[in-house]
Structure formats: structure tokens, C-alpha cells
Amino acid sequence: MDRSGKSVIVTGAGSGMGRAVSKRFAERGKRVACVDVDADAAEETAVRIERDGGDSLAIEADVSRATDVETMVERTIEAFGRIDVLHNNAGIPQRATPVEDVSADEWDRILDVNLKSAFLGAKYALPHLRRSGGVILNTASTAAIRPRTGLSAYVASKGGMVALTKQLAYELAPDVRVNALCPVATDTPMLTGFAGGDLSVEGMQETIPLGRLAEPDDVAAAAIFLASDDAAMITGTALEVDGGRDI
Ligand SMILES: NC(=O)c1ccc[n+]([C@@H]2O[C@H](COP(=O)([O-])OP(=O)(O)OC[C@H]3O[C@@H](n4cnc5c(N)ncnc54)[C@H](O)[C@@H]3O)[C@@H](O)[C@H]2O)c1
């Protein structure tokens, strides 16, 4: 148990992986700012953490908006006084659609929520992360490595996330480590949001050699490792949590 009062920001903390990651950090003694555009969902995660004896704060923010992200950082500092880990995890899916039918507005929204958010998070949290010798985690996807049909905007956003991770890891070393997580299809409310056309959840599962979808806790375990001192020599990596999908 870490009793040093370290603090973590997790975006998209109201559901799926973000909730699982938030709970795991709290179980290890971190104070957790649970951030979500869905205020009730963020609150629910924070309440669960407090009920289990942890220390948390719910923050409503749309991570695609610069003012919201700046406020998210300010509120975390007001509450906890420091930021040790920023986990840019919030994201939205793309229903599988032929590229010629994707609207420009949908493209922009997916890139803003899934990629611009990580730039904004780093931009505003960086002074605090430099002070703490902190860590950035970015949730990308196996989509960045092995595209699936009909996911042009989503794949571009996650490919960008991996590239941004490597750029920041290089640019911020040795002060701040930056790594990405690349989960395969994971059993969260988002998953069915991808299905459409030729893409189904069953079809995605069939492409995973270990024979099952990932669980949020699989991803949370990897996040805890990358944020820990056990990963002190790891920066700029995109860790596949994929049951072998990317072999
Ligand atoms: N589920 C999968 O199959 C899968 C696979 C690989 C990667 N991912 C990625 O993992 C991350 C977490 O996804 P999940 O599966 O847990 O999804 P989820 O839908 O269960 O949770 C996503 C959370 O992000 C929040 N969110 C959405 N837009 C937001 C915004 N603009 N600002 C703040 N919060 C916002 C939602 O309200 C929700 O609580 C995402 O980045 C997703 O792209 C998911």
C-alpha cells in the first residue's frame, strides 16, 4: 500500500476500463480524481472508492474542451495538492462505416475526444507531473496496430495516440514517463458501439488467440504496472493487452 499521498487523474472514469483503473489505483492508496463527461457516472465511481475506504473526487469534464481540461487539473490540485499520474483514458467508439460515408463532423468529434484530449491533458498537467516526476498513460487500442473494417476515424485517433505517446516520451524524458495501453476488444459498454456492417462482437472475439475478450481488470493491471516504479525504465511503449491479437 502506497501511503505517500500520491494522486491520479483518470478520465473516462465513469465506466469500463476507467472505473476499473480508478478502483485499482485507490486500492493501492492513491487519491483518485474520477473524471467523466457523465457527472453521475464519475460520482458513482468516486462513491464506490470512498465506500471501500479510498480517497477520491468526482469531476465533470468534457476532455475534448481545453477549458474543461484546465479546470480538471486545477480542481485536482486544489483537492490533492499534486498529480503523479495522468491517465488519458476517455474515448468514444465509431460504428463501423465505410470511409466515404463518415461525416466530417463525426471524424472531428472522434479525433477531438480520443486524441486531442491527450494533448490537452499533457499540456495542462505537465507542470505538476514534472514536479512529481510523474507518469502519463494514454489508452490507445489494438486498432492502432491492426485496423478493422469501417473504423477509419477511430483507427486514426488511436494511431495518433500511439504516435503522440512516443513523441511525448521522447520530449519529456527524463522528467516524465509516457506510455500507451493497446487493449483488444474489451467487455465494456463501449464494445457494442463498434458493431455494424461486417463487424460484430463475435467476429472480433474470434480474432483473439487467447479466445476471449479482454476484461477491464486486464487493462487496469497493465495500467498499474506502467505507472509503477517496476516500469521505471519503460517509456514510449505501446503495451498490447490483446490476448495475442497483434501477433
Ligand atoms: N472497449 C473496447 O473494446 C476498447 C478496446 C480498445 C480501446 N478502448 C479504449 O479504451 C478507453 C476506455 O473505453 P471503455 O471501453 O472503458 O468505454 P466505456 O464507454 O465503458 O467508457 C468510456 C467513458 O468515457 C466517457 N467519455 C466519453 N466521452 C468523454 C468526454 N468527451 N469527456 C470525458 N469523458 C468522456 C464516457 O462517459 C464513459 O464513462 C477508450 O479510450 C476506448 O477507445 C476500448
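Helix 4 is a good place to start in this predicted model. At 1.5 Å a residue, its 29 residues should span 42 Å, and the end C-alpha atoms sit 40 Å apart, so expected and computed values agree. That agreement doesn't rule out a bend: helix 4 has a kink of about 60° at leucine 126, shortly before proline 127. Just after helix 4, glycine 133 takes a positive phi of about 65°.

Helix 4 also has plenty of buried positions, namely Ile110, Val113, Asn114, Leu115, Ser117, Ala118, Leu120, Gly121, Ala122, Ala125, His128 and Leu129. An α-helix has 3.6 residues a turn, so residues three or four places apart point the same way. The buried residues of helix 4 pack against three strands and two helices: strand 1 (7-11), strand 4 (85-88) and strand 5 (135-139), along with helix 3 (66-80) and helix 5 (152-172).

Strand 1 turns up again in the pairing with strand 2, where five bridges join the two and the strands run parallel. Within that pairing, valine 10 has cysteine 34 of strand 2 as its bridge partner. Strand 2 (residues 31-36) is itself largely enclosed by the rest of the structure, because six of its six residues are buried. In a regular strand the side chains alternate between the two faces of the sheet. Here, Arg31, Ala33 and Val35 point one way, while Val32, Cys34 and Asp36 point the other way, and all are buried.

Next comes strand 3 (residues 55-60), which holds serine 56. Serine 56 counts as buried because it has 28 C-beta neighbours inside 10 Å. Alanine 33 is 23 residues away from serine 56 in sequence, yet the two C-alpha atoms are just 5.7 Å apart in space. Leaving aside neighbours within four places in sequence, serine 56 is in contact with Arg31, Val32 and Cys34, and also with Ala26, Ala46, Ile49 and Glu50.

As for the ligand, 30 residues lie around it, of which Gly12, Gly16, Gly91, Thr188 and Met190 come nearest. Two elements, helix 1 (16-27) and helix 4 (104-132), give two or more residues to this shell. Helix 1 gives the most, with three residues. By residue type, the shell divides into 13 nonpolar, 14 polar and three charged.

One last backbone detail concerns the loop between helix 5 and strand 6 (177-183), which is where proline 174 is found. The peptide bond joining alanine 173 and proline 174 is cis, with omega at about 0°.

Terms used:
Residues are numbered from 1 along each chain as its sequence is written. This is a predicted model: local features need pLDDT of at least 70, side-chain atom pairs count only at pLDDT 80 or more; totals for chains, interfaces and linings use all residues. A residue is near a molecule or strand if its C-beta atom, placed from the backbone, lies within 6 Å of it. Helices (H or I, at least four residues) and strands (E, at least two) are DSSP runs, numbered from the N terminus. Ala, Val, Leu, Ile, Met, Phe, Trp, Tyr, Cys and Pro count as nonpolar, Asp, Glu, Lys and Arg as charged, and the others, Gly among them, as polar. The expected span of a helix is 1.5 Å times one less than its number of residues. The bend at a residue is the angle between axes fitted to the seven residues ending there and the seven starting there. A residue is buried if 20 or more other C-beta atoms lie within 10 Å of its own, exposed if 12 or fewer, and partly exposed in between; C-beta atoms are placed from the backbone. Two residues are in contact if their C-beta atoms, placed from the backbone, lie within 7 Å. Two strands pair if DSSP finds at least two bridges between them.
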